[in-house]
Structures are given as C-alpha cells and as structure tokens.
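Visitor: Could you take me through the pockets of this protein, slowly, and then show me what else is worth a look around them? I'd like one connected tour.

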Amino acid sequence: WFLSVFLLIGFALACYAGVVQMRNATQKQEIQDAMQGGGWAPNIEAELGECKSEVDGLNERLQTQTNIHQESIGQIKSLQQAVDRTEHECQQKLEKVQKSPPKNKMEQKLSRVTEELKKQSREALATLYGENTKIIVDMQLSLGKISIQMAPSSLMPYTTKWFTDLVRRGYWDGCGFIRAAGHVLQANCNPKKSEKPEYPSIAFQEYSERYTHKIHTVGIAGFPGGPDWYINIVDNVRNHGPGGQDPVEANPCFGEVISGFDVVDLIKKQPHEPSGFNGIYSPVIIQKATIRTVPA
C-alpha cells in the first residue's frame, strides 16, 4: 500500500513538471513571435506611429515660429534703418539751418522799422491813456453791448494803437458783424450806409506768444491784416497762430471780450449762409464805439 501511494505521488509530480515545461515553452515562443513581428507587435507599431506624427507636428510648428521670428527680425532691421536714415536727414537739415547766413539787409531793416513802430506806439498809448491803465473799447451793437479789453501795450502796442485810433476817428460806427462762421464772428465796414471809408491795413503782422487766439479774444483778419477783425468763438491758437494760415506769420491777437457774452451768443445764432463764407443775412450793426480806461 505504501509503495502504491509513493508511485502515485511520483506520477503526479512528473505530470506537473511536464505541464510547467510546456507552459514555459509556449510563453517563450510567444515572446519570440512578438519580437519577430507577431503577436502584440502591431500595437507597438501603432503607438510608434502616433509618436512620430506628434513629433512631426511639433517640428512643423517649430519651423513656422522660426520663420515668423526671422521675418520679425527683418522688419525690425528695416524699421531701424528707416529711423537711422530719417535722423541723419534731420541732422543734416539742422546743420544747414545753423550754418545759414544771417538775415539780409532788407530783413534787418524791416525788423528795425517794426521795432521802432512798436516803441512809438507804446509811447503814444501811454500819452493818450496813461501808464498802468487798461484800455477798454465799448461797442453798442444793434443786439446789445459788448466790451473789449485791449492787450497790454507791452505785448501788442502797434495793433492796439491802430485799432483804438480807428475807434477815436469813429471809423467803426455804422460797421457791423457780417459773418458767423464756426470759429469766428467777423466784422467789417461793408454794412456802412454812408460813403465807404478807406480800408486801412496794418503795417505788419504783430504777434506775441504771450497773447494768443484763445476763445473770446479778438484778432485781425487777412494777410496783410485789416481792417476786418473778428471774435474767436473757439480756441484758435493753432489755426490763427504762426504757421496756421500762413507758413510763417500769424493774425494779430489784440484784445479780449470781457462782457456782453450773451450778445456774442446772439450774433452766433443770426441767420446766415449754411456753408462757404457763412455770411449773416442781416449784419449786426456797430452803432457806436467808445474808449474808456480803468486802473491796471
């Protein structure tokens, strides 16, 4: 009995060893088949293909960004060259201006004449109206009264004397505002019913950077200016200053409205041409202009 049991156990162990050996051989064969392209090898090839496609896509994006970067560098270089070229041209122009000869004799003489006119005008204003005073021109219009304070004689002596001399002569009486444009209200003597007076223009375009064409200031129209004058109803510092309507010169700015703003608004609202000159159909008449002074 004991021997039979022993032989049975030996037979079982031999069978188990055979099964293990057969399984190991099968697994070994599967591994070899996989390495030779069989079994699960197609899955690996698919994954490798996806990796390769991803790498190719990244390389393509890298090349695109590189091209954009190189193009940007080219544009920057072109822009820098344009800046350098422009700076060089500007420097040459500046050097040319700095090396230009002084004013010719005619310009020098004209400058001396204008300075003499300013000096004489300043002295005349002091004699007529006193020193340390403000000169005010009151104008009674057909729509009401406005008052204009003249610019200081230290800044605009010639134009101030020119305008006040015409007031003293009664020149402006019967004249009127004939234009209501978007930027100015312009006056001249076209409405005058009596014999038209001579049209006295100013001798030169006097201007001061310290007294500019701000809203409600008054200026002389034209080149050469006068006798037309206007009230600025917007800020015209740029348009009527040096280089605005003339390459070099400016409209003289010689006074400022200090009262009668309601009358100014009424003039703006008068029926006028809708375009072009914007002429007022029925001019606002200057019935009387007078001069008074107040302490400065």
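**A look at the pockets**

Guide: Let's start with the largest pocket, which holds about 510 Å³ of space. Its lining counts 18 residues, and the ones closest to the centre are Leu110, Thr114, Phe204, Gln205 and Glu249. Sorted by class, that lining comes out as nine nonpolar, three polar and six charged residues. Keep in mind that you're looking at a predicted model.

Now swing over to the second largest pocket, at about 320 Å³. Here 17 residues do the lining, with Gly130, Asn132, Thr133, Pro152 and Ser153 closest to the centre. Three elements each give two or more residues to this lining: helix 3 (105-129), strand 1 (133-141) and strand 2 (144-150). Helix 3 gives the most, with five residues. By class, the second largest pocket is lined by seven nonpolar, six polar and four charged residues.

Stay on Asn132 for a moment, one of the residues closest to the centre of that second pocket. Asn132 belongs to the loop between helix 3 and strand 1, and its phi is near 55°, a positive value in a residue other than glycine. That's worth a second glance, because most residues other than glycine have a negative phi. Asn132 has a relative accessible area of 67%, so it is exposed, the cut-off being over 50%.

There's another one like this at Asn278, where phi is near 60°, again positive in a residue other than glycine. You'll find Asn278 in the loop between helix 6 and strand 8 (279-295). With 13% relative accessibility, Asn278 counts as buried, because that takes a value under 20%.

Helix 6 itself (residues 261-268) has Val263, Val264 and Ile267 buried. Those three span an arc of only 105° around the axis, so they sit on the same side of helix 6.

Then there's Val257, in strand 7 (residues 253-259). Val257 is buried too, at 2% relative accessibility. Its C-alpha atom is 8.9 Å from that of Met150, although the two residues are 107 apart along the chain.

Next, the backbone has a couple of cis peptide bonds to check. One joins Phe223 and Pro224, with omega about 0°, and Pro224 is in the loop between strand 5 (217-222) and strand 6 (225-232). Another joins Gly226 and Pro227, with omega about -5°; Pro227 is in strand 6. For context, most peptide bonds are trans.

Let's finish with the aromatics. Searching the whole structure turns up eight aromatic pairs. In one of them, the ring centres of Trp162 and Phe163 are 6.5 Å apart and the planes meet at 45°, so the pair is tilted. Trp162 is buried at 9% relative accessibility, and Phe163 is buried as well, at 1%. Ring pairs tie Trp162, Phe163, Tyr171, Trp172, Phe177, Trp229 and Phe254 into a cluster. Tyr171 has a further partner: the charged end of Lys192 sits over its ring, 5.5 Å from the centre.

Stepping back, the protein chain has six helices and eight strands. Along the sequence they run α-α-α-β-β-α-β-β-β-β-α-β-α-β. Of the 296 residues in the chain, 31% are buried.

Methods: Residues are numbered from 1 along each chain as its sequence is written. This is a predicted model: local features need pLDDT of at least 70, side-chain atom pairs count only at pLDDT 80 or more; totals for chains, interfaces and linings use all residues. Side-chain values use heavy atoms; hydrogens and water are left out. Rings of Phe, Tyr and Trp (its six-membered ring) pair if their centres lie within 6.5 Å; planes under 30 degrees apart count as stacked, over 60 as edge-to-face and the rest as tilted. Buried means under 20% relative accessible area, exposed over 50%, partly exposed in between (1.4 Å probe, protein chains only). A charge sits over a ring if NZ of Lys or CZ of Arg is within 6 Å of the ring centre and within 35 degrees of the ring normal. Helices (H or I, at least four residues) and strands (E, at least two) are DSSP runs, numbered from the N terminus. The arc is that of the directions from the helix axis to the C-beta atoms. On a 1 Å grid over the protein atoms alone, a cavity is a set of points where a 1.4 Å probe fits but cannot get out, and a pocket is an open set with protein on both sides within 12 Å along at least five of seven lines; lining residues have an atom within 4 Å of a point. Grid points are joined across faces, edges and corners, and a volume is the space filled by probe spheres set on the points. Ala, Val, Leu, Ile, Met, Phe, Trp, Tyr, Cys and Pro count as nonpolar, Asp, Glu, Lys and Arg as charged, and the others, Gly among them, as polar.
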